[in-house]
Amino acid sequence: MSRTKNLNAAIALAIAAAVTQAKAKHPEANAFGTYYEVLNGELVGVHCNMLPAQGLTDCMGTWLGSTAKKGGWYVGLYANAINPASGWTAANVAGTAGEITSNTEGYTEATRPQFTPNAAAAGVIDNVGQEAAFSIVSAGTVTVEGAFLISDNARGGTAGVLASAARYPAPRQLQDGDNYKVGYRVTMTSA
């Protein structure tokens, strides 16, 4: 099996385990969001997310109401040691979470990398194999405490909708030249 297929298989297994664990804690829940990290080609973390009220409202409005579908979704990284909260929005996430926006002590991409999903199937939609990529640049290290999904691609931007956010169980220390990717999967079950 190729290295990419091995990585994708490892991602699928790790996410399935995280969803099983989350389902055991919250048996009433039928939807789970999971972020995962790939550092220099290796899976290094899988983390369940928090869905803020703004994201849930937008989801319901888009799915069942008359809210227009967003033109795209983007992944941001944050540096503050803070847990996501229901009141987080696109307008306050960059400041509250301490979004990493520097292109000298952060990443080189001009905008937040895009979340490019694969086709939804069997109650799952994700970007496995097309993760949002960050080219890390730093004179020392960049500390990432968590990630979020937002409909505004501007680094530090405050427009649009915040769909989800996750704080990592431990800070991720990144070094100059690291190839850091963040993936996201939503899993929905009928029971």
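## Exercises on helix H2, the core and its rings

**Exercise 1. Which residues of helix H2 (residues 53-63) are buried, and which elements do they pack against?**

Start with the buried list for helix H2 (residues 53-63): Gly 55, Asp 58 and Gly 61. Here buried means under 20% relative accessible area, exposed over 50% and partly exposed in between, with a 1.4 Å probe and protein chains only. Helices (H or I, at least four residues) and strands (E, at least two) are DSSP runs, numbered from the N terminus.

Next, look down the axis. The buried residues cover an arc of only 130°, so they sit on the same side of H2; the arc is that of the directions from the helix axis to the C-beta atoms. Now flip to the face turned away from the buried side: Thr 57, Met 60 and Trp 63 are the exposed residues there. Finally, the packing partners of the buried residues of H2 are S3 and S9.

Before going on, a word on the model. It is predicted, so local features need pLDDT of at least 70 and side-chain atom pairs count only at pLDDT 80 or more, while totals for chains, interfaces and linings use all residues. Residues are numbered from 1 along each chain as its sequence is written, and side-chain values use heavy atoms, with hydrogens and water left out.

**Exercise 2. How many residues does the largest nonpolar core have, and which of them have the most contacts inside it?**

First, the criterion: a nonpolar core is a set of buried Ala, Val, Leu, Ile, Met, Phe, Trp, Tyr and Cys residues joined through side-chain atoms within 4.5 Å. The largest one has 21 residues, and Leu 77, Phe 134, Val 144, Tyr 180 and Val 182 have the most contacts inside it. Among the elements that give two or more residues to this core are strand S3 (73-78), strand S7 (132-137) and strand S10 (179-188).

Then zoom in on Leu 77. Skipping its neighbours within four places in sequence, Leu 77 is in contact (heavy atoms within 4.5 Å) with residues including Ile 100, Phe 134, Val 144, Tyr 180 and Val 182.

**Exercise 3. What geometry do the ring pairs of Phe 134 have?**

The whole structure holds five aromatic pairs. Rings of Phe, Tyr and Trp (its six-membered ring) pair if their centres lie within 6.5 Å; planes under 30 degrees apart are stacked, over 60 edge-to-face and the rest tilted.

- Step one: Tyr 107 and Phe 134 have ring centres 4.9 Å apart and planes at 85°, so this pair is edge-to-face. Tyr 107 is in strand S4 (residues 106-107) and Phe 134 in strand S7, so the pair ties together parts 27 residues apart in sequence.
- Step two: for Phe 134 and Tyr 180 the centres are 6.3 Å apart and the planes at 45°, so that pair is tilted. With Phe 134 in strand S7 and Tyr 180 in strand S10, this pair ties together parts 46 residues apart in sequence.
- Step three: check burial. Tyr 107 is buried at 0% relative accessibility, and Phe 134 is buried at 1%.

**Exercise 4. Which side chain makes a polar contact with that of Arg 185?**

Place the residue first: Arg 185 is in strand S10 and, at 14% relative accessibility, counts as buried. Its side-chain partner is the side chain of Asp 126, at 2.5 Å. A polar contact is a pair of N or O atoms within 3.5 Å; within protein, one must be able to donate a hydrogen and the other to accept it, and residues adjacent in sequence count only if both atoms are side-chain atoms.
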